[in-house]
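Here's a quick tour of one model, from the overall layout down to a couple of helix pairs. Have the structure open while you read.

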Amino acid sequence: MEPKVKPWRWRAYDSTFHDMQMQDDNVHSETIQKPRARAKCSQILESARVLFLDQGFDATSMDAIARAAGVSKATLYVHFDDKDDLLLALVNEECRRYGPKALWRNHGGKIDLRKDLHAIGTTFLEAFLDPRGLAVHRLIMSCASRYPRVAEVFMKSGPDRCDAEVAAFLRAAQAQGLVDVPDIAMAATQFLSLIQGKEILKWALSMKAPSPARHRALIENGINVFLAAYERRPAATKQMRRKPPTISARR
């Protein structure tokens, strides 16, 4: 007899292709089509999200989640093994819905280096400064040390995917002769670090959100520093030095 697959595992976030894919090939297609079960699972996840963010993960019980979702505790355990399993499912779903959109896709066209880097930076910062995404980010930070799998899901669907997409952009730009990057993976991480500064950390600590002007300045200055290091420029023309005038010796 095949093991029962929990409903929340019907779909998993694939950080490489930014698409929804099946996590278990043994799940029957007819099972996936059960809209009532999917709706119930989403209802539980939403109730858990509200309680986790309001009361904290440790202070929230499965009984409280069941009451908030309007389901029996038995129904709750049909969908999730325990509270840890529910947390992992919530992080998986929130990263899928509120994580950064695709930063760049290779369509084979000519790259406008500054314009495309600006678009990448804007998309990246908008995702991390979104209030709902930020709230879940705080929840993940509070639980990650005790639940390594939660940190793994977050890193794969967020920072690691963003690094990979910027790296793909830099490879394409290098192929077009626009940049000279010895270590593309390192440069991708450097670019995203440059454009966020301390703003994401400050915002995560509930400090004042950056203004739109500050937001734009971070991106522009980050691009300037990045291109100063990696943009490929024509070789400097050697200037002929003028010979100093000959000074006749005094007699």
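## Contacts and overall layout

Take contacts in the protein (heavy atoms within 4.5 Å) between residues at least 6 apart in sequence: 72% of them join residues at least 24 apart. This is a predicted model, where local features need pLDDT of at least 70, side-chain atom pairs count only at pLDDT 80 or more, and totals for chains, interfaces and linings use all residues. Residues are numbered from 1 along each chain as its sequence is written, and side-chain values use heavy atoms, leaving out hydrogens and water.

The protein has 12 helices and 2 strands, taken as DSSP runs numbered from the N terminus (helices are H or I, at least four residues; strands are E, at least two). Along the sequence the pattern reads β-β-α-α-α-α-α-α-α-α-α-α-α-α. Of the 251 residues, 40% count as buried, meaning under 20% relative accessible area with a 1.4 Å probe, protein chains only.

## Helix 5 up close

How much of helix 5 is covered? Mostly covered is the verdict, with 12 of its 16 residues buried. Among them are Leu86, Leu87, Leu88, Leu90 and Val91, but also Lys83, Asp85, Glu93 and Glu94.

The length checks out too: at 1.5 Å a residue (times one less than the number of residues), the 16 residues should span 22 Å, and the end C-alpha atoms are indeed 22 Å apart. At the N-terminal end, Asp82 acts as a cap, with a side-chain oxygen 3.2 Å from the backbone nitrogen of Asp84; polar contacts are pairs of N or O atoms within 3.5 Å.

## Helix 2 against helix 5

Helix 2 (residues 35-55) packs on helix 5 (residues 83-98) at about 100°, axes 10 Å apart. Axes are lines fitted to C-alpha atoms over the stretch in contact, and angles run from 0 to 180 degrees between N-to-C directions. That makes the two helices roughly perpendicular (65 to 115 degrees).

From helix 2 come Ile44, Leu45, Ala48, Arg49 and Phe52, meeting residues of helix 5 including Leu86, Leu90 and Glu94. The contact divides into 8 nonpolar, no polar and 4 charged residues; Asp, Glu, Lys and Arg count as charged, Ala, Val, Leu, Ile, Met, Phe, Trp, Tyr, Cys and Pro as nonpolar, and the others as polar.

## Helix 6 against helix 9

Helix 6 (residues 113-128) and helix 9 (residues 159-175) cross at roughly 175°, their axes coming within 12 Å. The pair is therefore roughly antiparallel (over 145 degrees). Leu113, Asp116, Leu117, Ile120 and Phe124 of helix 6 touch Cys162, Val166, Phe169 and Ala173 of helix 9. By type, that's 8 nonpolar, no polar and 1 charged.

Notes
Parallel < 35°, antiparallel > 145°, perpendicular 65-115°, else oblique. Buried < 20%, exposed > 50% of the residue type's maximum accessible area, 1.4 Å probe, protein only. Polar contact = N/O pair within 3.5 Å; in protein donor to acceptor, adjacent residues only side chain to side chain.
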